Amino acid sequence: MASIATTHKVFLLGATGGIGSQVLKRLLDRGCKVTIIVRNTERLSTEMKDHPSLTVIEEPSGHLSLTDETFQKHVQCDAIVQCLGHNLSFKGLFGHPRRLCADTVKRLCDAVMVVAPRNPIKLIVINTEGVERPDGEDRKTLRRGCCELCVLCFLKYCLLSHADNIDTLVYLHNEVQNNPYVDFCAVRPSDLIDGLPTEFTVHETLQNGIFNSGTTLRSNVGEFMANLVTDSGVWNKWKNTYPHILDVKTAEHDHRGGTTNSNTADDAGNEKKDR
Ligand SMILES: NC(=O)c1ccc[n+]([C@@H]2O[C@H](COP(=O)([O-])OP(=O)(O)OC[C@H]3O[C@@H](n4cnc5c(N)ncnc54)[C@H](OP(=O)(O)O)[C@@H]3O)[C@@H](O)[C@H]2O)c1
């Protein structure tokens, strides 16, 4: 079972999104003190909005419009969780900020450098299985075909959100690995779906390509990211890595191995941990 600590201070970006809202709910349930910056408070559920452990900062222009000093104030915490993603609209996909995720990670890391905390801050970032580990380790478990490589190359040059996810991983690999004040974890889900949490597995390298992808429930991503914040065992296992997270369909169908999290939901929709 996750070791629950009531004192975790967490700075969360993307809290109004599908994954961010799942992370936020779990962090608050586990007693964390959470600060979020959102563009529109109305996109938060009433239950979340009024939670006594939540500090909400509304900035309609987005957090990237805030000053470096504001970033430096908010990164004084135990963990930063970044669940941002380009909205699936014309403006979200083709407008500014074009490097929403990569620029945010850079601003956060620059701010942490200035603050120079005594212990490294956890930086937990959402990414995608469409992006390979910059150290090439994914090739141990995945050989992409020519067709898939062509599609990914096309996406890199034509889809801002994909290029942004690539830049984010490259930044984490090249810069944050050498930053003494930050440890990171870049979580890579498969095709995202909504629904109640199930068992899931977590792998050091990619288990499938984009043409034979699995699924990953946003609730499972939320659970894993919250575990990274509150469970030191989970964090120590996955820090400075790029885990691929996949749903387990049924126990019989899980031939993939990896680290399994047993997490089922009862009929009333309340989550129930098996261990
Ligand atoms: N779709 C997939 O199958 C898939 C698979 C693997 C990985 N991923 C990755 O996972 C990411 C997150 O997924 P999700 O389902 O949680 O996404 P989502 O529901 O669209 O959430 C995106 C979050 O980012 C915020 N955001 C967007 N543009 C912003 C801006 N300019 N400034 C500040 N905040 C901004 C949104 O805020 P607002 O509420 O204000 O819009 C929202 O909180 C995806 O974007 C992608 O990179 C996706």
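# Exercises on a predicted model

Val-56 is partly exposed, with 16 other C-beta atoms within 10 Å. Keep in mind that this is a predicted model. Let's start from that residue and work outwards.

## Exercise 1: Val-56 and its strand

Work out which strand holds Val-56 and which residues Val-56 is in contact with, leaving aside its neighbours within four places in sequence.

Solution.
- Step 1: Val-56 belongs to strand β3.
- Step 2: Check the exposure class. A buried residue needs 20 or more other C-beta atoms within 10 Å, and an exposed one has 12 or fewer. Val-56 has 16, so the label is partly exposed.
- Step 3: Now the contacts. Beyond four places in sequence, Val-56 meets Ile-36, Val-38, Thr-41, Leu-44 and Lys-49.
- Step 4: For a distance, try Ile-37. Its C-alpha atom is 6.1 Å from that of Val-56, although 19 residues separate the two along the chain.

## Exercise 2: The sheet

Find the order of the nine strands in the open sheet, and say which strands stand at the edges.

Solution.
- Step 1: Reading across, the order is β3-β2-β1-β4-β5-β6-β10-β8-β11, with mixed pairing.
- Step 2: The edges are β3 (54-58) and β11 (259-261); each has a single partner strand, so one side of each has no neighbour in the sheet.
- Step 3: On average, neighbouring strands here are turned by 20° against each other, direction ignored.
- Step 4: Look at one pair inside the sheet. β1 (residues 9-13) and β4 (residues 79-82) run parallel and are joined by four bridges. One partnership to look for is Leu-13 with Gln-82 in β4.

## Exercise 3: Strand β5

Decide how many of the six residues of β5 are buried, and which strands are joined to β5 by four bridges and by six.

Solution.
- Step 1: Count the buried residues of β5 (residues 121-126). Six of the six are buried, so the strand is largely enclosed by the rest of the structure.
- Step 2: Recall a rule: side chains in a regular strand alternate between the two faces of the sheet.
- Step 3: Sort the residues by side. Ile-121, Leu-123 and Val-125 are on one side, and Lys-122, Ile-124 and Ile-126 are on the other; both faces are covered.
- Step 4: Find the partners. β4 runs parallel to β5, with four bridges between them, and Val-81 stands opposite Ile-124. β6 (residues 182-189) also runs parallel to β5, with six bridges, and Ile-121 is paired with Val-182 there.

## Exercise 4: The nonpolar core

Identify the residues that touch the most other members of the largest nonpolar core, then look at what Leu-12 touches.

Solution.
- Step 1: The core has 61 residues, and the ones touching the most other members are Val-10, Leu-12, Val-81, Ile-124, Met-225 and Val-229.
- Step 2: Helix α5 (residues 100-115) supplies the largest share, eight residues.
- Step 3: Zoom in on Leu-12. Setting aside residues up to four places away in sequence, Leu-12 touches Gly-20, Val-23, Leu-24, Val-34, Ile-36 and Val-81.

## Exercise 5: Around the ligand

Name the residues that come nearest to the ligand and the element that gives the most to the shell.

Solution.
- Step 1: There are 27 residues around the ligand, and Thr-16, Gly-17, Gly-18, Gly-62 and Gly-85 come nearest.
- Step 2: α1 (18-29), α7 (160-174) and β7 (191-193) each give two or more residues to the shell. α1 gives the most, with three.
- Step 3: By class, the shell splits into 15 polar, eight nonpolar and four charged residues.

## Exercise 6: Unusual backbone spots

Locate the cis peptide bond and two residues other than glycine with a positive phi.

Solution.
- Step 1: Know what to expect: most peptide bonds are trans, and most residues other than glycine have a negative phi.
- Step 2: The cis bond joins His-96 and Pro-97, with omega about -5°. Pro-97 sits in the loop between α4 (90-94) and α5.
- Step 3: Ala-116 has a phi near 50° and lies in the loop between α5 and β5. With 8 C-beta neighbours inside 10 Å, Ala-116 counts as exposed.
- Step 4: Asn-240 has a phi near 60° and is found in the loop between α9 (232-238) and β10. Its 15 C-beta neighbours inside 10 Å make Asn-240 partly exposed.

Methods
Residues numbered from 1 in each chain as written. Predicted model: local features only at pLDDT ≥ 70, side-chain atom pairs only at ≥ 80, totals over all residues. Pairing = 2+ DSSP bridges. Axes fitted to C-alpha atoms, helices over the stretch in contact; angles between N-to-C directions. Near = placed C-beta within 6 Å. Nonpolar A, V, L, I, M, F, W, Y, C, P; charged D, E, K, R; others polar. Core = buried A, V, L, I, M, F, W, Y, C linked by C-beta atoms within 7 Å. Contact = placed C-beta atoms within 7 Å.
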